[in-house]
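Dear colleague,

I am passing on the structure we spoke about, and below it you will find my notes on what turned up. Please read them with the coordinates open beside you.

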Amino acid sequence: MARQSATTATKADVSSEKPANNTYENADGKKDFFWTYTEEPHRTRRMAIIKKHPEILKLCGPEPLTKYVVAFVVLLQVSIAITLRDTPFWSLKFWFFAYVFGATANQNLFLAIHEISHNLAFKSGLANRLLAIFANLPIAIPYSASFRPYHLTHHKSLGVDGLDVDLPTAFEAIFLDSILGKAFFCTFQIFFYALRPMAIYQIPLTGIHALNIAVQVAFDFVLARYAGGHAVLYLLLSSFLAGSLHPVAGHFIAEHYVYENITPTQKNPENKVPIPETFSYYGPLNVLLYNVGLHNEHHDFPAIPWTRLPAVYNIAREFYEDLPRHESWTYVIWRFIWDENVGLNCRVKRQEGGRRVGGTASWNESEVQA
């Protein structure tokens with residue numbers, strides 16, 4: 001459950017107001033997103049933390065452990081897939097392994113690719129791209145090369161409509177505004193995250209994209225040829241369940257959907273009172289998922305790897321301990337479906353600003369990681 005809190009500035013501005021329910025209606029009386037004119041909070045907080053704790057920059061840089069974790073999980077998933085080659089798809093054993101082990105492992109690889117997209121496994125950009133392609137193998141669908149520019153744009157353009165593809169579209173928010181609609185979204189959200197970016201804008205294809213596709217197709221073909229189709233089906237089912245009604249999938253929603261009660265002052269964008277838009281989770285599932293739950297810390301310092309994010313919190317505790325957080329990813333999914341005040345419209349959006357990575361502009365690595 002999200003813990004009610006606010007930034008210091010917000011407390012000063014809205015302390016006398018009674019929190020409203022967590023919905024916003026536009027001029028037509030229809031639910032809308034939380035539109036804001038404020039700057040995204042992470043650059044501002046990053047600069048304040050660096051000013052007070054300059055030693056935090058020593059935490060930046062690659063984490064050598066990442067490549068070993070990736071290798072272990074890839075080999076584990078391939079081994080399970082081969083072991084289940086003769087197991088019927090519609091059997092309890094097949095689905096049990098896919099849900100308990102496969103989904104957890106593939107979600108781990110999703111987050112490995114996320115980590116590698118920030119060049120946090122090697123110093124070499126090419127080495128990171130190749131490791132991401134390797135981590136992609138048990139996912140069975142080539143996506144690591146496309147993920148990176150979309151994800152880095154999410155960092156550079158947090159909440160910017162038309163750039164941040166993590167944001168639901170207006171169509172999704174309206175069409176899925178019901179218990180059944182939200183349950184459908186949570187069940188099939190892996191497809192929304194895979195297809196939505198291409199519907200918003202397309203990135204130019206590069207040699208890395210071609211290599212990612214070629215390697216993945218070759219791997220799937222060889223696995224099917226020598227271990228059978230059920231081995232590939234196990235990997236595909238694992239990827240689907242990793243982004244469905246599974247505890248580890250809760251982080252997709254927990255990271256940026258607004259569960260806090262928003263005051264009338266915050267709801268009016270003209271007041272320029274910030275709304276919390278990134279939320280951390282400090283629970284045990286972080287051990288399996290590269291500390292992705294420390295999401296405020298990650299957005300504040302995307303050049304700091306997963307093993308050192310707890311140190312970010314400890315060094316700058318005064319900046320983080322009062323921020324709203326989630327205590328359970330499972331409860332995040334449950335409440336998202338059943339709470340009428342929480343839905344796809346509960347996201348902070350900006351009409352302008354931000355930058356696109358991997359588009360027409362060429363970004364050097366210091367610009368990408370800044």
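Please keep in mind throughout that this is a predicted model.

I begin with the loops, where Asn291 is found between strand 2 (280-281) and helix 14 (295-300). Its phi is near 55°, a positive value in a residue other than glycine, and Asn291 counts as buried because its relative accessibility is 14%, under the 20% cut-off. Asn119 also has a positive phi, near 60°, and is placed in the loop between helix 4 (92-117) and helix 5 (125-136). With a relative accessibility of 10%, Asn119 counts as buried. Most residues other than glycine have a negative phi.

Helix 4, which Asn119 follows, has 26 residues and reaches 36 Å from its first C-alpha to its last, close to the 38 Å expected at 1.5 Å a residue. There is nevertheless a kink of about 40° in helix 4, and this kink is centred on Gly102.

As for the record, an unreviewed UniProt entry annotates residues 65-84, 96-114, 126-145, 173-195, 207-227 and 233-254 as "transmembrane region". In the model, residues 173-195 are 83% helix and 0% strand, with the end C-alpha atoms 16 Å apart, while residues 233-254 are 68% helix and 0% strand, with the end C-alpha atoms 29 Å apart.

Turning to the aromatic side chains, the structure holds 26 aromatic pairs. One of them joins Phe96 and Phe97, whose ring centres are 5.9 Å apart and whose planes stand at 85°, so the pair is edge-to-face. Phe96 is partly exposed, with a relative accessible area of 43%, and Phe97 is partly exposed as well, at 26%. Phe184 and Phe192 form an edge-to-face pair too, with 6.2 Å from centre to centre and 85° between the planes. Of these two residues, Phe184 counts as partly exposed at 41% relative accessibility, whereas Phe192, with a relative accessible area of 17%, is buried.

Phe184 and Phe192 also belong to a cluster linked by ring pairs, which takes in Phe185, Phe188, Phe191, Phe240, Tyr257 and Phe336 as well. Two members of this cluster have a charged side chain over the ring: the charged end of Lys182 sits over Phe336, 6.0 Å from the ring centre, and Arg347 lies over the face of Tyr257, at 4.9 Å from the ring centre.

With kind regards

Notes
Residues are numbered from 1 along each chain as its sequence is written. This is a predicted model: local features need pLDDT of at least 70, side-chain atom pairs count only at pLDDT 80 or more; totals for chains, interfaces and linings use all residues. Side-chain values use heavy atoms; hydrogens and water are left out. Helices (H or I, at least four residues) and strands (E, at least two) are DSSP runs, numbered from the N terminus. Buried means under 20% relative accessible area, exposed over 50%, partly exposed in between (1.4 Å probe, protein chains only). UniProt positions are given in the numbering used here, feature names are shortened, and annotations may be inferred rather than shown by experiment. The expected span of a helix is 1.5 Å times one less than its number of residues. The bend at a residue is the angle between axes fitted to the seven residues ending there and the seven starting there. Rings of Phe, Tyr and Trp (its six-membered ring) pair if their centres lie within 6.5 Å; planes under 30 degrees apart count as stacked, over 60 as edge-to-face and the rest as tilted. A charge sits over a ring if NZ of Lys or CZ of Arg is within 6 Å of the ring centre and within 35 degrees of the ring normal.
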